[in-house]
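Please walk me through this protein chain, with attention to its charged pairs, its enclosed parts and its surface.

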Amino acid sequence: MLAGALDAVLAAQLWLLVEARVPMVVAAEEQGAGKSTLLGALLDFLPSEVRVIELAGDGETFDWLPQASELGWPGVARPTTDGEPVRADTTVLFAAELSDHLPSYTWAAAARVAIRAASIGYGLAATIHADSLEDVFDALRRPPVRVVDDELSHLGVVLIVRQLDDGRRRVVAAHYVRPVARDLHGHLQRLGPAVLATWDPADDAFEHFGWGITPELARRVHRHAGDFEIEVDRRREYLAGLVAAGVTGPDDARAAIRAYRPAPAFDGPGGDA
């Protein structure tokens, strides 16, 4: 599934999370590990009505982002109003890479604003050079990005990808970064990241741990815990069926995903998106 980088269970979980615009960061230390390819495949899980805005790297002005000044971007007095207004609940910000390696990549203040945007409900999709979750955090804490831990808590899902000696690629760890939130009494709750899955090289198989935080994941995607588990299983079977039927090409897979009809989610609050 997704060129073998992950299995149908993890793919089904990620499908639900991406569908709800939960931020998604794909990390790999080496070039050519497939992080951009994997992120592109995951974005196919987005509903068609979601707007994806690709950040312009060194040329990014954020003049289209209504909350730019509140998020710390200098010099934006008023966003442009041409076209449809940008809304947090229907928009994903896409950064091809969080780095300064190319002018088209997003770094420094622009990366900081993109991450802060995730804290107010925007989706975020990005890649980064790193080999662990802590490497991701360290790179974004340091200058010139300088985001604080409460802001990092809105990174959503962080996938660590490695290329094996035989050229195959695997997601070796999938982390769910829990967003800082307030409890019923208004107290800040800061919970550490949770592991959704890890890859066992001895068996070339994935071990799954997302069941331990099912209620949290369900709230994040506006579902009840039991319904979340049922929907993950339905999508796992659907994805496995596509692979068994030989539906692996990007266009055919994208069409099949569009044709899937999910069970309805509830309308109540789903937590931090």
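The paragraphs below take up salt bridges, then a buried helix, then a hairpin and a surface patch. The model is a predicted one.

Over the whole structure, a search finds 19 salt bridges. One of them joins Asp89 to Arg87, with the closest N and O atoms 2.7 Å apart. Asp89 counts as partly exposed, at 45% relative accessibility. Arg87 is also partly exposed, its relative accessible area being 42%.

Another salt bridge lies within a single helix. Asp251 and Arg254 meet through their side chains at 3.0 Å, N to O. Both residues belong to helix α8, which covers residues 250–259, and they are three residues apart, or about one turn of the helix. Asp251 is exposed, with a relative accessible area of 58%, while Arg254, at 29%, is partly exposed.

Salt bridges can also be linked together. Glu19, Glu231, Arg234 and Arg235 form such a network.

The pair Glu216 and Arg178 deserves a separate look. Their side chains form a salt bridge with an N to O distance of 2.9 Å. Glu216 sits in helix α6 (residues 214–220) and Arg178 in the loop between β6 (169–176) and β7 (181–182), so the salt bridge ties together parts that are 38 residues apart in sequence. The 2.9 Å approach of the two side chains also counts as a polar contact.

Is Arg178 buried or exposed? Its relative accessible area is 18%, and the cut-off for a buried residue is under 20%, so Arg178 counts as buried. What does Arg178 touch, leaving aside residues up to four places away in sequence? The contacts are Ser153, Leu191, Gly192, Pro193, Ala194, Ile213 and Glu216. The salt-bridge partner Glu216 is thus one of the residues that Arg178 touches.

Next comes the buried helix. Helix α3 spans residues 108–118, and eight of its eleven residues are buried, so the helix is largely enclosed by the rest of the structure. Which residues of α3 are the buried ones? They are Ala110, Ala111, Arg112, Val113, Ala114, Ile115, Ala117 and Ala118. An arginine, Arg112, is therefore listed among the buried residues under the cut-off of under 20% relative accessible area. The cover over these buried residues includes two strands, β3 (91–95) and β4 (123–128). It also includes two helices, α4 (133–141) and α5 (149–152).

The hairpin involves strands β9 and β10. Strand β9 covers residues 194–200 and runs antiparallel to β10, with four bridges joining them. Within this pairing, Trp199 has Phe206 in β10 as its bridge partner. Four residues lie between the two strands of the hairpin, and Asp204, in the turn, has a positive phi of about 50°.

The loop that follows β10 (205–208) and leads to α6 holds Phe209. Phe209 is partly exposed, with a relative accessible area of 34%. Together with Val195 and Trp211, Phe209 forms a nonpolar patch on the surface. The accessible area of the three residues together is about 320 Å².

The loop holding Phe209 lies between β10 and α6, and α6 is also the helix that contains Glu216, the partner of Arg178.

Technical notes
Residues numbered from 1 in each chain as written. Predicted model: local features only at pLDDT ≥ 70, side-chain atom pairs only at ≥ 80, totals over all residues. Heavy atoms only, no water. Salt bridge = Lys/Arg side-chain N within 4 Å of Asp/Glu carboxyl O. Buried < 20%, exposed > 50% of the residue type's maximum accessible area, 1.4 Å probe, protein only. Contact = heavy atoms within 4.5 Å. Patch = residues over 30% accessible without salt bridge, like charges linked within 9 Å, V, L, I, M, F, W, Y side chains within 5 Å. Areas by Shrake-Rupley, 256 points an atom, 1.4 Å probe, with all protein chains shown as cover. Polar contact = N/O pair within 3.5 Å; in protein donor to acceptor, adjacent residues only side chain to side chain. Pairing = 2+ DSSP bridges.
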